[in-house]
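Please examine the sequence and the structure shown below before reading on. The report that follows describes selected features in running text.

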Amino acid sequence: MSDIAPLFRPLSMGGLELPNRVLMAPLTRNRAHSDGTPKAMAEEYYHQRASAGLIITEATQVSPEGKGYLDTPGIHEDSHVAGWRRITETVHAAGGRIFLQLWHVGRISHTSLLPEGVVPVAPSAIRAKSQVFGTDGFVDVSEPRALEADELPRIVADYARAAARAKEAGFDGIEVHAANGYLLDQFLRDGSNRREDAYGGSAENRARLALEVTEAVASVWGADRVGIRLSPFGSFNDMSDSDPEATFGTIYRALDKLRLAYLHVVESFPGSDSGPDELAALERLRGLWTGTYIANGGFNATRAADWIARGRADAVSFGRPFIANPDLPERYQLGAGLTTPNEATFYGGGTEGYTDYPFRAQEAA
Ligand code: PHB
C-alpha cells in the first residue's frame with residue numbers, strides 16, 4: 001500500500017494550523033444570485049467540505065467590471081458581505097478554514113454581463129479566442145478596451161476594498177487570482193500584454209500590476225494571510241507567453257520577498273496537461289520559492305503524498321475530486337472509493353450536483 005501519511009501531516013501557515021494538506025481548490029459553480037450575493041445553498045456546500053486543510057472559495061469578483069460569467073459571486077456590496085459571512089461562520093463552526101479568492105476577469109467577459117455601457121477591460125485591446133457563459137449560454141467574449149495607465153490605481157483600490165470587505169465577512173485570508181488568463185495574468189504574459197508603458201514590455205513591467213494588487217491586499221490583511229495563484233504554462237483563455245520561464249521566474253522572485261501565506265500553482269489544467277518540458281520548467285521555478293507551495297492539477301492521493309514527501313509541494317489542492325466527495329480527506333485517509341463528478345452540473349443549477357454528493361457514512365448505511 002502506498003504511503004499517504006504526508007497528506008495528513010499538519011501544516012502551519014500564517015498562524016493557522018491546517019490539520020491536513022488536502023486543500024479544496026477554487027471552483028466556479030455559477031450558483032450565486034444574479035446580483036452576486038451567495039445563495040443559502042452555498043452555506044451547506046462549503047460546510048460539507050470543511051474537513052479540507054483549507055478551503056479556497058470559488059473566484060469572486062472585486063467589482064462589477066470584474067465579472068465574466070453568469071451568477072458568479074462578488075465581494076463589493078453589503079449583501080455580498082452578509083452572504084459570505086454566513087458561509088465563513090458555518091465553515092468555522094465545523095472546524096474549517098476558508099480563504100476568499102479575489103478575481104477580476106479582465107477581457108474574459110461579455111457586455112451583457114457588465115453594467116450598462118461598460119466593456120471588458122484588458123492590458124491591450126486584443127480579443128481572446130474564448131467564450132463565457134452568459135444569459136443565453138456560451139458566447140464569444142466581447143472586444144475589450146485597453147486600460148489607461150491612470151485607471152490602474154483604481155483597479156488596485158478595487159482589490160484593496162474587496163480585501164477589506166472579505167475581512168468583514170470573516171474569512172481567514174485572501175487568494176489573489178493571477179492565473180488562468182484573467183486580468184492579472186493578462187498583464188503578466190506577453191501574448192495578451194502589448195503595452196509600452198510601465199505595465200508592459202519587460203517581465204518586471206508586466207508583473208507590476210499583480211505585485212501592486214498583492215501588496216495592496218497584504219496591507220489590509222498582513223502578507224501572511226495572503227496567497228496568490230499563478231498558471232505559468234496554462235493556455236486556457238487563449239493565453240501565451242514568448243518565454244514563460246523568464247516571465248514567471250521574475251514574478252516568483254518578486255513575490256518570494258513578500259513572505260506571503262503561499263504560492264498556489266496550476267501545474268496542469270483540464271484540457272491542457274503539462275508535458276515533460278513544462279514539468280521540468282515548473283520544477284525549476286518551484287526552486288525559486290522559499291515559502292509554502294501549493295500544487296494543483298489532476299492529482300490523486302498517491303501522487304500528492306509523493307510530491308509532499310519529497311518537498312516538491314507543501315500541500316496539494318483538489319478541484320473535481322472535492323466537487324463529488326465532500327469528505328475527500330477522510331476518503332483518502334481510509335483508501336475509500338471516490339464518487340465520480342457529474343460534469344453536467346458543474347456550472348449553474350441548484351442543489352443537484354452541488355450539495356447532494358454522498359458522504360462515506362451515507363454510502364455505508
Ligand atoms: C471557469 O469559470 O471556467 C473558470 C473560472 C476560474 C478559473 C478557471 C476557470 O480560474
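This report considers the nonpolar cores, the surroundings of the ligand, the salt bridges and a few individual residues. The structure is a predicted model.

## Nonpolar cores

The largest nonpolar core has 82 residues. Within this core, the residues with the most contacts are Leu7, Tyr46, Leu102, Val217 and Leu230. Helix H5 (residues 203-221) supplies the largest share of the core, namely nine residues. A second, separate core of 12 residues is also present, and Leu16, Ile56, Ile294 and Ala315 are included in it.

Leu102 may serve as an example from the largest core. When its neighbours within four places in sequence are left aside, Leu102 is in contact with residues including Thr60, Val62, Ile75, Tyr159, Ala162 and Ala163. Its contacts also include Ile174, Glu175, Val176, His177 and Val217. Val217 is itself listed among the core residues with the most contacts.

## A buried threonine

Thr57 is located in strand S4 (residues 55-61). Is Thr57 buried or exposed? Its relative accessible area is 0%, so Thr57 counts as buried. The side chain of Thr57 reaches the backbone nitrogen of Gln101 at 3.0 Å. Gln101 also appears among the residues in contact with Thr57 once neighbours within four places in sequence are left aside. The others in that set are Pro26, Leu27, Tyr46, Trp84, Ile98, Phe99, Leu100 and Phe171. One of these, Tyr46, is a residue with many links already met above, as it is listed among those with the most contacts inside the largest core.

## Surroundings of the ligand

Which residues are found around the ligand? They are Thr28, Tyr69, Trp103, His177, Asn180, Tyr182, Phe236, Phe269 and Tyr347. A polar side-chain atom of His177 lies 2.7 Å from an oxygen atom of the ligand. For Asn180, a polar side-chain atom likewise lies 2.7 Å from an oxygen atom of the ligand. On its own the ligand has 280 Å² of accessible area, and the protein covers 86% of it.

Asn180 deserves a further description. Its place is in the loop between strand S10 (173-177) and helix H4 (183-188). With a relative accessible area of 7%, Asn180 is buried. The phi angle of Asn180 is near 60 degrees, which is a positive value in a residue other than glycine.

A positive phi value is also found at Asp238, where the angle is near 65 degrees and the residue is again not glycine. Asp238 lies in the loop between strand S11 (226-230) and helix H6 (244-256). Asp238 counts as partly exposed, at 31% relative accessibility.

## Salt bridges

How many salt bridges does a search of the whole structure find? The search finds 21 salt bridges. Three of them are set out in the table, with the distance between the closest N and O atoms.

| Residue | Partner | Closest N and O atoms |
|---|---|---|
| Arg85 | Glu89 | 3.2 Å |
| Glu151 | Arg154 | 3.7 Å |
| Arg195 | Asp197 | 2.7 Å |

The pair Arg85 and Glu89 belongs to helix H2 (residues 78-93). The two residues are four residues apart, about one turn of the helix. Arg85 is partly exposed at 34% relative accessibility, and Glu89 is partly exposed with a relative accessible area of 43%.

In the second pair, Glu151 is buried, with a relative accessible area of 15%, whereas Arg154 counts as partly exposed at 33%. Glu151 and Arg154 also take part in a network of salt bridges that links them with Glu65, Arg145, Asp158 and Arg161.

In the third pair, Arg195 is buried, with a relative accessible area of 10%. Its partner Asp197 is partly exposed, with a relative accessible area of 26%.

## Residues distant in sequence

Arg310 is found in the loop between helix H8 (301-309) and strand S14 (315-318). Its relative accessible area is 46%, so Arg310 counts as partly exposed. Arg310 and Pro6 are 304 residues apart in sequence, while their C-alpha atoms are 9.6 Å apart in space.

Methods. Residues are numbered from 1 along each chain as its sequence is written. This is a predicted model: local features need pLDDT of at least 70, side-chain atom pairs count only at pLDDT 80 or more; totals for chains, interfaces and linings use all residues. Side-chain values use heavy atoms; hydrogens and water are left out. A salt bridge is a side-chain nitrogen of Lys or Arg within 4 Å of a carboxyl oxygen of Asp or Glu. Buried means under 20% relative accessible area, exposed over 50%, partly exposed in between (1.4 Å probe, protein chains only). A nonpolar core is a set of buried Ala, Val, Leu, Ile, Met, Phe, Trp, Tyr and Cys residues joined through side-chain atoms within 4.5 Å. Contact means heavy atoms within 4.5 Å. A residue is near a molecule or strand if one of its heavy atoms lies within 4 Å of it. A polar contact is a pair of N or O atoms within 3.5 Å; within protein, one must be able to donate a hydrogen and the other to accept it, and residues adjacent in sequence count only if both atoms are side-chain atoms. Accessible areas come from the Shrake-Rupley method with a 1.4 Å probe; for residues, only the protein chains shown count as cover.
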